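The following exercises are to be worked with the sequence and the 3D structure at hand. Each task is followed by a solution in steps.

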Amino acid sequence: MTIDGAGTLGRRIAAVYAGGGSDVRIFDTSAEQRQAAKDYVEQHLPDIQEALGLHPDRVGRVEVAADLPGAVEGAWMVIEAVPERVDLKTEVFGELDRLAEPDAILASNSSSLPTSRMIGNVKHPERVLNTHYYQPPELNSVELMSCGETHDGVIEALMQRIPRYGLVPFRVRRESDGFIFNRIWASIKRECLMVVQEGVAAPEDVDEMWNIFTRPGIPPFRLMDRVGLDVVLNIEEHYASVRPGLSDGPRELLRQYIDQGRLGVKSGRGFYDYGEPS
Ligand SMILES: NC(=O)c1ccc[n+]([C@@H]2O[C@H](COP(=O)([O-])OP(=O)(O)OC[C@H]3O[C@@H](n4cnc5c(N)ncnc54)[C@H](O)[C@@H]3O)[C@@H](O)[C@H]2O)c1
């Protein structure tokens with residue numbers, strides 16, 4: 001299988017599939033990101049296998065490909081994880097449809113965009129769908145959503161296969177801007193941003209209270225830092241475009257951090273300081 005876009009999520013998904021025994025090829029337009037993704041997989045694979053209970057006969061081979069045709073050759077599935085922009089994803093899906101094997105599944109990891117918006121250049125939409133991953137290995141659910149023309153057999157086959165990788169698949173029952181849990185999370189996250197933007201609380205206070213009121217996990221501001229504040233902003237912009245009336249406050253707060261280069265864990269600083277960029 002192939003990962004197209006090897007940033008925060010692409011490299012995690014690559015590690016999960018390799019950990020479950022599938023050979024993985026990684027492509028990214030940035031040579032630096034390609035190598036960083038390979039390093040990430042090599043470093044984290046044993047921990048990911050342990051967390052997800054993966055004991056395949058052999059670990060998947062992980063390779064980096066410098067061009068897209070080479071990356072998708074022979075792949076049974078291609079997972080797109082490029083930035084959250086509909087124009088870019090439309091272009092990428094057009095290329096994948098042209099270059100990938102005729103029976104390859106083409107999946108988008110978009111956080112908020114339905115694949116129906118990305119198939120303008122695709123001749124075979126019956127093999128395209130959303131597969132939305134969170135932050136595996138801790139958050140190991142995957143939501144599968146049709147592009148409107150996805151062959152039912154493709155969704156069924158993935159529902160059967162995905163548990164092999166220690167992941168829990170959920171079928172999204174109709175097209176949605178955003179998925180099942182991240183829509184729920186969107187409202188929680190938005191109010192978290194709002195209380196901080198209004199000066200009611202500091203990010204640390206929200207996270208500490210969250211830990212009191214919910215079972216321990218990754219609290220909201222730590223999680224947004226891990227996701228990347230630029231990615232959170234893109235997602236919020238999309239929600240704002242389809243839901244008129246949403247307050248601009250949360251997006252203003254995100255822009256303030258982004259303008260200072262504070263993108264979260266990947267830039268070394270976000271709501272929290274992490275030292276070196278990862
Ligand atoms: N970060 C998260 O926690 C998370 C969770 C679920 C879904 N997603 C979604 O996954 C996608 C990627 O998000 P991310 O956080 O990994 O972003 P990111 O910015 O960390 O990574 C994106 C990668 O895509 C590469 N890229 C850019 N243009 C490309 C192209 N044309 N072809 C190939 N590679 C290209 C970039 O070099 C970069 O390495 C987005 O759609 C996002 O909404 C992210």
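Directly after helix α1, Gly21 adopts a positive phi of about 105°. The model in which this value was computed is a predicted one.

**Exercise 1. The helix before Gly21**

Task: Determine how the span of α1 compares with the expected one, and state which of its residues are buried.

Solution.
Step 1. Helix α1 has 12 residues, and from its first C-alpha to its last it reaches 17 Å. This is close to the 16 Å expected at 1.5 Å a residue.
Step 2. Of these 12 residues, 11 are buried, and α1 is thus mostly covered.
Step 3. The buried set consists of Leu9, Gly10, Arg11, Arg12, Ile13, Ala14, Ala15, Val16, Tyr17, Ala18 and Gly19.
Step 4. The cover over these residues includes the strands β1 (2-4), β2 (24-27), β3 (62-65), β4 (77-80) and β6 (128-133), together with helix α2 (31-52).

**Exercise 2. The nonpolar cores**

Task: Identify the residues with the most contacts inside the largest nonpolar core, and follow one of them to its partners.

Solution.
Step 1. The largest nonpolar core comprises 52 residues, and the most contacts inside it belong to Ile3, Ile13, Ala14, Val78 and Leu106.
Step 2. The greatest contribution to this core, 7 residues, is made by helix α1 (residues 8-19).
Step 3. Apart from this core lies another, of 18 residues, which include Cys192, Val196, Phe221 and Leu233.
Step 4. When neighbours within four places in sequence are left aside, Leu106 has contacts with Val78, Phe93, Leu96, Asp97, Ala100, Arg127 and Val128.

**Exercise 3. A loop residue**

Task: Is Asp28 buried or exposed?

Solution.
Step 1. Asp28 is placed in the loop between β2 and α2.
Step 2. A residue counts as buried if 20 or more other C-beta atoms lie within 10 Å of its own.
Step 3. Asp28 is buried because 24 other C-beta atoms are found within 10 Å.
Step 4. Residues up to four places away in sequence not being counted, Asp28 touches Gly5, Ala6, Gln33, Arg34 and Ala37.

**Exercise 4. Helix α6**

Task: Which residues of α6 are buried, and what covers them?

Solution.
Step 1. Helix α6 (residues 180-197) has 18 residues; its reach from first C-alpha to last is 26 Å, close to the 26 Å expected at 1.5 Å a residue.
Step 2. Its buried residues are Ala186, Lys189, Cys192, Leu193 and Val196.
Step 3. Among the elements that cover them are α7 (203-213), α8 (220-227), α9 (229-242) and α10 (249-259).
Step 4. Just after α6, Gly199 has a positive phi of about 80°.

**Exercise 5. Domains and ligand**

Task: Describe the contact between the domains, and then state from which domains the shell around the ligand is drawn.

Solution.
Step 1. The domain assignment gives domain 1 (2-171) and domain 2 (181-267). Their centres, taken over C-alpha atoms, are separated by 26 Å.
Step 2. The contact takes 8 residues from domain 1 and 12 residues from domain 2. On the side of domain 1 that touches domain 2, there are 1 nonpolar, 5 polar and 2 charged residues.
Step 3. The ligand is surrounded by 26 residues, of which the closest are Gly5, Gly7, Gln33, Ser111 and Val227.
Step 4. Two or more residues of the shell come from each of α1 and α4 (86-99); the largest share, 3 residues, is that of α1.
Step 5. By class, the shell holds 11 nonpolar, 12 polar and 3 charged residues.
Step 6. Domain 1 and domain 2 each provide at least three residues of the shell.

Notes
Residues numbered from 1 in each chain as written. Predicted model: local features only at pLDDT ≥ 70, side-chain atom pairs only at ≥ 80, totals over all residues. Core = buried A, V, L, I, M, F, W, Y, C linked by C-beta atoms within 7 Å. Helix = DSSP H or I, 4+ residues; strand = E, 2+ residues; numbered from the N terminus. Contact = placed C-beta atoms within 7 Å. Near = placed C-beta within 6 Å. Nonpolar A, V, L, I, M, F, W, Y, C, P; charged D, E, K, R; others polar. Domains from an automatic or database assignment. Expected span 1.5 Å × (residues − 1).
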